[in-house]
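Colleague: Before we discuss the complex, could you put the model up, and could we then go through its charged pairs and its interface one at a time?

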Amino acid sequence: MAVQYLASLRSTRMDAVTTACGATAWLQVWDGALPATPATAPAGTLLASMALSNPVAPAASSGVLTIDVTPVPTDSGANASGTPTFCRIATSETGTTTGIVQMSAGVGSGDISFSAAITSGGTVTLTSLTITDGSS
Amino acid sequence: MTVIVIGENDSICGTVLVSPPPEPPVEVDTNEQEAD
């Protein structure tokens, strides 16, 4: 059977993400193949970066970490045009090896669902993001 | 740097709104030629 943790311990695991983000973190949006790890330099193009709050989220509850979107993380001038394929929460705006967590992305698909492909100079706004510990 | 490995049973769910850049202003020709 799968390993099960107490709800409090599941929250502790998720809060470790917030701790790792520190005072400054961004949600980076990339195209190209998903790298092997969050700290592996991507081969694709950085399409946009949205600054996250400090801390990035309040304390997790029952193993669910809800990223703070107030104020709304926004990139009002996307770096490049493209279709997102993955995102990273990273400790730098444009760094390629500063990722903490990475996830799939797509237009209407993926862990993070985008409303449309990104156009250079356009606006990209994070409206919701939760990470859920699955060890319940 | 610490790399956090998310367990295979963990899940992430998010949504992002994308808007295109603003359209450039349309130039209006103010030097209309009078009709013959």
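Modeller: A salt bridge here is a side-chain nitrogen of Lys or Arg within 4 Å of a carboxyl oxygen of Asp or Glu. Please keep in mind throughout that this is a predicted model.

Colleague: With that cut-off, which residue of chain A meets Asp10(B) in a salt bridge?

Modeller: The rule finds one salt bridge across the interface of chain A and chain B. The nitrogen-to-oxygen distance of this pair is 3.9 Å, and the cut-off is 4 Å, so the pair qualifies. The partner of Asp10(B) is Arg13(A).

Colleague: Where in chain B does Asp10(B) lie, and is Asp10(B) buried or exposed?

Modeller: Arg13(A) belongs to helix 1 of chain A and Asp10(B) to the segment before strand 1 (11–19) of chain B, so this pair joins two chains. Because its relative accessibility is 12%, and buried means under 20%, Asp10(B) counts as buried.

Colleague: How is Arg13(A) itself classed, buried or partly exposed?

Modeller: The relative accessible area of Arg13(A) is 27%. Since the partly exposed class runs between 20% and 50%, Arg13(A) is partly exposed.

Colleague: Which other residue meets Arg13(A) in a salt bridge, at 2.1 Å?

Modeller: This second pair links distant parts of the chain, with Arg13(A) in helix 1 of chain A and its partner in the segment after strand 8 of chain A, 120 residues apart. The partner has a relative accessibility of 1% and therefore counts as buried. At 2.1 Å from N to O, the residue that Arg13(A) meets is Asp133(A).

Colleague: Which arginine also meets Asp133(A), at 3.3 Å?

Modeller: The side chain of Asp133(A) forms a salt bridge of 3.3 Å, N to O, with Arg10(A). Asp133(A) lies in the segment after strand 8 (123–132) and Arg10(A) in helix 1, both of chain A, so the pair ties together parts that are 123 residues apart in sequence. At 9% relative accessibility, the arginine counts as buried, and the residue you asked for is Arg10(A).

Colleague: Which residues are linked in the network of salt bridges, and how many salt bridges does the rule count over all chains?

Modeller: The network links Arg10(A), Arg13(A), Asp133(A) and Asp10(B). Over all chains, the count by this rule comes to three.

Colleague: Which tyrosine does Arg10(A) touch?

Modeller: Leaving aside residues up to four places away in sequence, Arg10(A) touches several residues, among them Ser62(A), Gly63(A) and Thr132(A). The tyrosine in question lies in the segment before helix 1 (7–21) of chain A, and a relative accessible area of 36% makes this residue partly exposed. Together with Val3(A), Leu6(A) and Leu9(A), the same tyrosine makes a nonpolar surface patch of about 400 Å². The residue touched by Arg10(A) is Tyr5(A).

Colleague: How much area do chain A and chain B bury between them?

Modeller: The contact involves 40 residues of chain A and 19 residues of chain B. In chain A, Asp111(A), Ser115(A) and Thr123(A) lose the most area to chain B, together 17% of what that side buries. Of the total buried area, 57% is on carbon and sulfur atoms, and that total is about 2,300 Å².

Colleague: What ipTM does the predictor give the complex?

Modeller: Chain B averages a pLDDT of 76, and 64% of its residues score at least 70. For the complex, the predictor gives a pTM of 0.88 and an ipTM of 0.93.

Key: Residues numbered from 1 in each chain as written. Chains lettered and ligands numbered in written order. Predicted model: local features only at pLDDT ≥ 70, side-chain atom pairs only at ≥ 80, totals over all residues. Heavy atoms only, no water. pLDDT = per-residue confidence, 0-100. Patch = residues over 30% accessible without salt bridge, like charges linked within 9 Å, V, L, I, M, F, W, Y side chains within 5 Å. Areas by Shrake-Rupley, 256 points an atom, 1.4 Å probe, with all protein chains shown as cover. Helix = DSSP H or I, 4+ residues; strand = E, 2+ residues; numbered from the N terminus. Buried < 20%, exposed > 50% of the residue type's maximum accessible area, 1.4 Å probe, protein only. Contact = heavy atoms within 4.5 Å. Buried area = accessible area lost by both parts, 1.4 Å probe.
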